[in-house]
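Trainee: Please give me a close look at how side chains pair up in this model. Keep to distances, positions and cut-offs, and then set the pairs in their surroundings.

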Amino acid sequence: MNMLTSSVGKKIMMAVTGVILVLFIIGHVIGNMTIFVGPDGINAYAVHLRDLGPLLWLVRLVMLSIFLFHVYLGVSLTLENKAARPVGYNQKTDLVTGFAAQTMWVSGLVLLAFVVYHVLHFTLHVGVDNVGGLIDAAGRFDVYTMVVQGFHKAINTIFYVVAMAFLFLHVSHGFQSFWQSLGLNNERTQPKFQIVGKLVSLVVAAGFVSIPVIAMLILKA
Ligand code: HEM
C-alpha cells in the first residue's frame, strides 16, 4: 500500500497528522493557561519557548508541514469521495455520521482561516498597536498585554469564540475518525469513542474560549 496515493494510506496519514495536531493544541491550551497567573506567567512562558532558539524554529517548521499535509490529505480525500459517488447516497453507510461528520471540511476551512489570522496577529504582530512599546517590568516582550488588549476588541473575541466552536466540532469528529481510519472502531466501541471525543474536544475548546472571554470581561492591560 502506498501511504501517499492509496485512499487507505491517506486516511492513516490523516489520522496520524490529526493526532499530532491535537497534541499540539492540548500543549498550547495548557501553556496559554499561564495567562491567568498574570504577566509573570505568560511572559516568562514565552521567554522559555524563545530560549529554545533553533529548536523552536525546527518544531514550528515540522508543525507547519504537518498542518499543511493534513489540509492537503483532507482536500484530496474529499475530492476522491465526491468522484466515487457523484450523485450521493440516499443512505449513508458510514459507521459515524452526524452534523460534525458532515461538516468536517467546513470546520477544517474555518480552522485554516483561524490559524492564518491567529499567527498573523499573535506571532507576526500584524495589527498590534505599539508593538515596540510592549515590554514588561522585567524587560520581556509583554505577551500578556498584547493578548489582553487584543481581546478587548470585541470583534477578535467573537471570532475566537466562533472558531473554537468549529474546533470542538472538528476535533470531536476527528477523534472517532482516527479509530475508524485505523480499523479499530466498531458498533460496540463507537459510542464510547464518541463520548470521549466530545469530552476531550469540549475541555480543549472551553479552555481556549475562557481566555478571550475572561480577558475581555475581567483582565486589565
Ligand atoms: C484563546 C485562544 C488562544 C490564545 C490566547 C493563543 C495564544 C497564542 C500566542 C500568544 C501565540 C504566539 C506565541 C509566540 O510567538 O511566542 C500563539 C501562537 C500560535 N498559536 Fe495560538 N492561541 C490560541 C488558540 C490557538 C488555537 C486554537 C490554535 C490551533 C488551532 C493555535 C495555534 C497557534 C499556532 C500554530 C501558533 C504559532 C506557533 C508559534 O509561533 O510558534 N492557537 N498563540
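Mentor: The charged pairs come first, then a serine and a threonine, the core, the surface and the backbone.

This is a predicted model, in which local features need pLDDT of at least 70 and side-chain atom pairs count only at pLDDT 80 or more, while totals for chains, interfaces and linings use all residues. Residues are numbered from 1 along each chain as its sequence is written, and side-chain values use heavy atoms, with hydrogens and water left out.

Start with charge. Side chains of opposite charge can pair when their charged atoms come close. Searching the whole structure gives four salt bridges. The criterion is a side-chain nitrogen of Lys or Arg within 4 Å of a carboxyl oxygen of Asp or Glu.

One of them joins Lys 10 to Glu 80, with N to O at 2.6 Å. Lys 10 sits in helix α1 (residues 7-32) and Glu 80 in helix α3 (residues 54-84), so this bridge ties together parts 70 residues apart in sequence. Helices here are DSSP runs (H or I, at least four residues), as strands are (E, at least two), numbered from the N terminus. Burial is set by relative accessible area: buried is under 20%, exposed is over 50%, and partly exposed is in between (1.4 Å probe, protein chains only). Lys 10 counts as buried, at 5%. Glu 80 counts as partly exposed, at 27%.

Another bridge pairs Lys 153 with Asp 129, at 3.6 Å from N to O. Lys 153 is in the loop between α6 (143-151) and α7 (154-181), and Asp 129 is in the loop between α5 (104-123) and α6, so this pair links parts 24 residues apart in sequence. Lys 153 is partly exposed, at 38% relative accessibility.

Next, a small network. Asp 136 bridges to Arg 140, and their closest N and O atoms are 2.9 Å apart. Asp 40 joins Asp 136 and Arg 140 in a network of salt bridges. Asp 136 is buried at 12%. Arg 140 is buried at 18%.

Now the uncharged polar pairs. A polar contact is a pair of N or O atoms within 3.5 Å; within protein, one must be able to donate a hydrogen and the other to accept it, and residues adjacent in sequence count only if both atoms are side-chain atoms. Ser 107 lies in helix α5. Its relative accessibility is 1%, which counts as buried. A polar atom of the Ser 107 side chain is 3.1 Å from the backbone oxygen of Met 104. The Ser 107 side chain also makes a polar contact of 2.9 Å with the side chain of His 170. Leaving out residues up to four places away in sequence, Ser 107 touches Phe 166 and His 170. Contact means heavy atoms within 4.5 Å.

Thr 189 is in the loop between α7 and α8 (190-217). Thr 189 is buried, at 14%. Its side chain meets that of Asn 185 in a polar contact of 3.0 Å.

Turn to the core. A nonpolar core is a set of buried Ala, Val, Leu, Ile, Met, Phe, Trp, Tyr and Cys residues joined through side-chain atoms within 4.5 Å. The largest one has 26 residues, and those with the most contacts inside it are Ile 35, Met 146, Val 147, Phe 151, Leu 167 and Phe 208. At least two residues each come from α1, α2 (39-50), α5, α6, α7 and α8. Helix α6 gives the most, six residues. Beyond its neighbours within four places in sequence, Leu 167 is in contact with Ile 25, Leu 111, Val 204 and Phe 208.

On the surface, Leu 49, Leu 52, Leu 55, Leu 58, Val 59 and Val 62 make a nonpolar patch of about 490 Å². Patch residues have over 30% relative accessible area and no salt bridge; like charges are joined within 9 Å, nonpolar side chains (Val, Leu, Ile, Met, Phe, Trp, Tyr) within 5 Å. Areas come from the Shrake-Rupley method with a 1.4 Å probe; for residues, only the protein chains shown count as cover. Helix α3 supplies the largest share of the patch, four residues. Leu 58 is in α3.

Last, the backbone. His 125, in the loop between α5 and α6, has a positive phi near 60° although it is not a glycine. Asn 130, also not a glycine, has a positive phi of about 50°. Asn 130 lies in the loop between α5 and α6, and is exposed at 59%.
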